[in-house]
Amino acid sequence: MSMLEVDKKTFEPEVLQAEGTVLVDFFGDGCVPCAALMPHIHGFADKYGDQIKFCSLNTTKARRLAIGQKILGLPVIAIYQNGEKVDECVKDDATPENVEAMIKKYL
């Protein structure tokens with residue numbers, strides 16, 4: 001399973017209107033921790049993608065959307081269910097270990 005890259009047009013149908021659980025990797029251009037974390041998130045998509053939908057959103061191109069989702073610092077790995085953000089790992093807490101532990105709560 002690969003990750004779906006969403007943008008400000010597709011975020012609502014793919015994340016907020018999706019059935020089941022959706023993970024969103026909020027990243028930005030020039031965000032070094034985001035770039036370091038991304039291969040781990042892709043690995044989790046391969047591992048858990050049959051149970052959770054994995055999406056990524058470049059907030060550099062969707063600032064208003066990010067602010068609307070209360071994304072204030074990067075990286076943010078968030079879990080959505082039925083259009084609501086139910087959990088997230090933010091900035092220094094967004095380690096591969098913490099993200100995987102969060103994913104496992106929603107399997």
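This briefing walks through the sheet, the helices, the salt bridges and the cysteines of the structure above. The model is a predicted one. At its centre of interest is an open sheet of five strands with mixed pairing. The structure also holds five salt bridges and one disulfide. Three of the salt bridges are described below, together with a look at one buried loop residue, Thr59.

**The sheet and its strands**

- The five strands of the open sheet follow the order E1-E3-E2-E4-E5.
- Strand E1 (4-6) and strand E5 form the edges, as each of them pairs on one side only.
- On average, neighbouring strands of this sheet are turned by 25° against each other, direction ignored.
- The pairing of E2 with E3 is parallel and runs over six bridges. Within E3, Ser56 is the residue that stands opposite Asp25.
- Strand E4 (residues 76-81) pairs with strand E5 (residues 84-90) in the antiparallel sense, over six bridges. Here Ala78 has Glu88 of E5 standing opposite.
- E4 and E5 make a hairpin with two residues between the strands, and Asn82 in this hairpin takes a positive phi near 50°.
- A general reminder for browsing the strands: in a regular strand, side chains alternate between the two faces of the sheet.

**Helices across the sheet**

- Helix H2 lies across three strands, E2, E3 and E4, and runs at about 160° to E2.
- Helix H4 lies across E2, E3, E4 and E5, and its direction is at about 155° to E5.

**Salt bridges between parts of the chain**

- As general background, side chains of opposite charge can pair when their charged atoms come close.
- Lys53 and Glu14 meet through their side chains in a salt bridge, at 2.7 Å from N to O. Because Lys53 belongs to strand E3 (residues 53-58) and Glu14 to helix H1 (residues 11-16), this pair ties together parts that are 39 residues apart in sequence.
- Both partners of that bridge are partly exposed: Lys53 has a relative accessibility of 27%, and Glu14 has a relative accessible area of 28%.
- Asp29 and Lys61 form a salt bridge with their side chains at 4.0 Å, N to O. Asp29 sits in the loop between strand E2 (21-27) and helix H2 (32-48), and Lys61 in the loop between E3 and helix H3 (63-68), so the pair ties together parts that are 32 residues apart in sequence.
- Asp29 counts as partly exposed at 49% relative accessibility, while Lys61 counts as exposed at 55%.
- Lys105 and Asp87 meet in a salt bridge between their side chains, with 2.9 Å from N to O. Lys105 lies in helix H4 (residues 96-105) and Asp87 in strand E5, so this bridge ties together parts that are 18 residues apart in sequence.
- The two ends of this bridge differ in their surroundings: Lys105 is exposed at 58% relative accessibility, whereas Asp87 is buried, with a relative accessible area of 17%.

**Cysteines**

- Cys31 and Cys34 are joined by a disulfide, with 2.1 Å from S to S.
- The torsion about the S-S bond of Cys31 and Cys34 is about 75°, so the disulfide is right-handed.
- Cys31 and Cys34 are both buried.
- Cys55 takes part in no disulfide, and the nearest cysteine sulfur, that of Cys34, is 16 Å away. Cys55 counts as buried, with 0% relative accessibility.
- Cys89 is in no disulfide either, and the nearest cysteine sulfur to Cys89, again that of Cys34, is 13 Å away. At 7% relative accessibility, Cys89 counts as buried.

**A buried loop residue**

- Thr59 is found in the loop between E3 and H3.
- Its relative accessibility is 9%, so Thr59 counts as buried.
- Neighbours within four places in sequence aside, Thr59 is in contact with Phe26, Phe27, Gly28, Ala66 and Leu74.

Notes. Residues numbered from 1 in each chain as written. Predicted model: local features only at pLDDT ≥ 70, side-chain atom pairs only at ≥ 80, totals over all residues. Heavy atoms only, no water. Pairing = 2+ DSSP bridges. Helix = DSSP H or I, 4+ residues; strand = E, 2+ residues; numbered from the N terminus. Buried < 20%, exposed > 50% of the residue type's maximum accessible area, 1.4 Å probe, protein only. Disulfide = S-S within 2.5 Å. Axes fitted to C-alpha atoms, helices over the stretch in contact; angles between N-to-C directions. Contact = heavy atoms within 4.5 Å.
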